[in-house]
Amino acid sequence: FFKQKTAYEIAVRLVGSEMCIRDRIYIISCASDFSTQIERSYFFMKIICTKQNLAKGVSIVSKAVPSKTTMPILECILIDASTDVIKLTANDMELGIETSIDGEIIERGILALNAKIFAEIVRKLPDNEIIIDTQGDNQALITGGKAKFKIASLPGDEFSYLPNIEKDDFITVSEFTLKEVIRQTIFSIADSDTNKMMTGELFEIEDNILKVVSLDGHRISIRKIELKDSYAPKKVIVPGKTLQEISKIIGGEAEADVDISFTKNHIVFEFDRTIVVSRLIEGEYFRIDQMLSSDYETKVKINKRELLECIDRATLLIKEGDKKPLIIDIRDESMEFKIKSQVGSMDEDIMCIKEGKDLLIGFNPKFLIEALRVIEDEEVDLYFMNAKAPCFIKDEAQSYIYLILPVNFNAAV
């Protein structure tokens, strides 16, 4: 490839590209010397690192490797040892992850290896130092203990680097806070791409409050987090896939911070030597404030653990895919839970404190369970208007709000 290009053509392509290999190409006046130096820097590399460090890095970036693609380079992990730091990168053009690992760079270089094969080799090598060595024949030699693997490699210049995003507009949260707020909302995003907006979560910043919202057409989850500092107003829609992968990567330490940066098209998470860049979902999010109401005809205060365990028991009679509703009969000082399916029936009473009218209403038990599992309070308040209006589970400060639509239960009564 390089021998077929003049020095000028190569320089223009590299320097003019946003995805070029930065800080490692030296413009040399002699075309032959230039192409020789470029060729060697791409195809020759040797690094040594521990299995633990390499395996951790590979595991992190592998989350951005697409499961299906027509571009072989996107199936790869880029190993960049062109500077004093070893960087691993994967990029599916929607989500990109870069992480740095400790190791010794014997000869600087850069190459791309098939992510699936590379990850399996690293995982099954003995717990010794791992050497990755290339000799310019589009082959990489991976050595660990007495085991040696020789696999095909691709030139690093074909790889799409993460976009360079200025860190001007950003907020800071702890790893623990971010991991928790994702856990407390991610279950109510939509699985289908029919409505792209529902596959993501709204991140809305107002002064020192971060509000995270998800919905799937049957329920809404809202969490409000108090930030240490105040920030300018901001609204972005983050893909659910990105948040799910972030949650798997971050450790969740209360003392460790995550910097979250924003641009018009991207969101960037930086933490613990790792950078995650994701495209945002375009468009205006649903006006959820119109769906929220403070009015109610019935209010119930109940022990969360007893309520959750009762509903969980009721699901024992529901086969997977069976849409049998859980019927809740709210009367003075008690809630009666009933369910009936082909497997059998169940009936259970739980003591509660009720304000307002009696009510008979039905719900998908899964939606109630998923909301209750992420609430830490010992007691929860449930608000109802009527049998056809949504139920609200929220605290007095409204740091969390879970809206769940009821279902028709006539056939089950």
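In what order do the four strands of the open sheet come, and is the pairing parallel or antiparallel? The order is E19-E18-E17-E21, and the pairing is antiparallel. Keep in mind that this is a predicted model.

Okay, so at the edges of that sheet sit E19, residues 345-351, and E21, residues 359-363, and each of them pairs on one side only. Going from one strand to the next, the twist averages 20°.

Let's look at one pairing. E17, which covers residues 326-331, is joined to E21 by five bridges, with the two running antiparallel. If you want a spot to click on, Ile 330 has Leu 359 in E21 as its bridge partner.

There's a helix on this sheet too. H7, residues 304-314, packs there and touches E17, E18 (334-340) and E19. The direction of H7 makes about 175° with that of E19.

Now over to another helix, H4, which spans residues 115-124. Which residues are buried there? You've got Ala 115, Phe 118, Ile 121 and Val 122. They're on the same side of H4, because the arc they cover around the axis is only 135°. As a reminder, an α-helix has 3.6 residues a turn, so residues three or four places apart point the same way.

Flip to the other side of H4 and you find Lys 116, Arg 123 and Lys 124 exposed.

So what covers the buried residues? Among the elements doing that are helix H3 (51-61) and strands E2 (76-81), E6 (109-114) and E7 (129-135). E8 (139-144) and E9 (147-155) are also included.

One last detail: the N-terminal end of H4 is capped by Asn 114, with a side-chain oxygen 3.2 Å from the backbone nitrogen of Lys 116.

Definitions and conventions:
Residues numbered from 1 in each chain as written. Predicted model: local features only at pLDDT ≥ 70, side-chain atom pairs only at ≥ 80, totals over all residues. Heavy atoms only, no water. Buried < 20%, exposed > 50% of the residue type's maximum accessible area, 1.4 Å probe, protein only. Arc of directions from axis to C-beta. Contact = heavy atoms within 4.5 Å. Polar contact = N/O pair within 3.5 Å; in protein donor to acceptor, adjacent residues only side chain to side chain. Pairing = 2+ DSSP bridges. Axes fitted to C-alpha atoms, helices over the stretch in contact; angles between N-to-C directions.
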